[in-house]
Amino acid sequence: MASIFSRIVKREIPAHIVAEDDRFLAFLDINPLTKGHTLVIPKAEVDYIYDLDDETLSGLHLFAKKIAGALKKVTACNRVAVAVLGLEVPHAHIHLIPMNQMSDANFSNPKLKLSGEELSSIATSLRQALSQ
Ligand code: AMP
């Protein structure tokens with residue numbers, strides 16, 4: 001069965017898409033730790049990030065770097081934390097988390113409850129920043 005992220009790639013389920021090219025996709029995490037928390041994935045469905053071939057792995061990180069730049073600009077955060085962890089979704093993904101202090105990137109924190117409108121507005125701002 002396709003992963004939930006593959007279903008987002010195929011637009012079978014909705015997501016707040018931030019950026020896309022032929023190999024990678026970035027979309028807002030539905031349960032963000034901080035405003036702008038974004039997931040960056042390869043479109044190819046591979047569970048474990050270090051099972052990606054070298055070209056896809058490096059491309060994924062370079063794609064994430066662009067998103068991180070937009071996140072820093074839009075959220076005015078101090079830094080963008082990068083995390084690969086978790087076992088929930090068996091599709092390789094990088095978490096990009098705007099942070100101002102270490103505790104912002106603690107996955108034990110309660111997740112923010114953002115409305116669809118707020119998520120949509122953040123995604124729009126990120127897309128605009130990426131297009132400049
Ligand atoms: P993990 O595998 O532990 O890194 O967690 C997967 C992440 O994907 C979690 O932060 C979830 O909130 C997020 N997530 C799961 N389903 C969706 C979805 N449909 N849209 C956006 N984010 C999702």
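These exercises walk through a predicted model of one protein chain.

Residues are numbered from 1 along each chain as its sequence is written. Because the model is predicted, local features need pLDDT of at least 70 and side-chain atom pairs count only at pLDDT 80 or more, while totals for chains, interfaces and linings use all residues; side-chain values use heavy atoms, with hydrogens and water left out.

**Exercise 1. Lay out the fold.**
Task: State how many helices and strands the protein chain has, and give their order.

Solution.
- Step 1: Fix the terms. Helices (H or I, at least four residues) and strands (E, at least two) are DSSP runs, numbered from the N terminus.
- Step 2: Count. The protein chain has three helices and five strands.
- Step 3: Read along the sequence. The pattern is α-β-β-β-α-β-β-α.

**Exercise 2. Check the overall dimensions.**
Task: Compare the radius of gyration of the protein chain with the value for a compact globule.

Solution.
- Step 1: Take the rule. It is 2.2 Å times the number of residues to the power 0.38, and the radius is taken over C-alpha atoms.
- Step 2: Apply it. For 132 residues, a compact globule would have a radius near 14 Å.
- Step 3: Compare. The protein chain has 14 Å, which agrees.
- Step 4: Add the spans. Along its principal axes the C-alpha trace covers about 35 × 30 × 25 Å.

**Exercise 3. Sort residues by exposure.**
Task: Decide whether R11, A76, R79 and H95 are buried, partly exposed or exposed.

Solution.
- Step 1: Set the cut-offs. Buried means under 20% relative accessible area, exposed over 50%, partly exposed in between (1.4 Å probe, protein chains only).
- Step 2: Take R11. It sits in the loop between α1 (4–9) and β1 (17–20). Its relative accessible area is 45%, so R11 is partly exposed. Its phi is near 65°, a positive value in a residue other than glycine.
- Step 3: Take A76. It sits in the loop between α2 (54–75) and β4 (79–83). At 62%, A76 is exposed. A76 also has a positive phi, about 55°, without being a glycine.
- Step 4: Take R79, in strand β4. At 58%, R79 is exposed.
- Step 5: Take H95, in strand β5. At 8%, H95 is buried.
- Step 6: Widen the view. Buried residues make up 43% of the 132 residues.

**Exercise 4. Find the core.**
Task: Which residues have the most contacts inside the largest nonpolar core, and which element gives its largest share?

Solution.
- Step 1: Define it. A nonpolar core is a set of buried Ala, Val, Leu, Ile, Met, Phe, Trp, Tyr and Cys residues joined through side-chain atoms within 4.5 Å.
- Step 2: Name the centre of contacts. The largest core has 27 residues, and V40, I67 and L96 have the most contacts inside it.
- Step 3: Trace the suppliers. β1, β2 (24–28), α2, β5 (94–99) and α3 (116–131) each give at least two residues. The largest share, eight residues, comes from α2.
- Step 4: Look for a second core. Another one, of nine residues, lies apart and includes F5, I17, L25 and L39.

**Exercise 5. List the neighbours.**
Task: What do V40 and H95 touch, leaving aside residues within four places in sequence?

Solution.
- Step 1: Contact means heavy atoms within 4.5 Å.
- Step 2: V40 touches ten partners listed here: L25, A26, L60, F63, A64, I67, A92, H93, I94 and L96.
- Step 3: H95 touches D29, H37, T38, L39, A81, V82, A83, L85 and F107.
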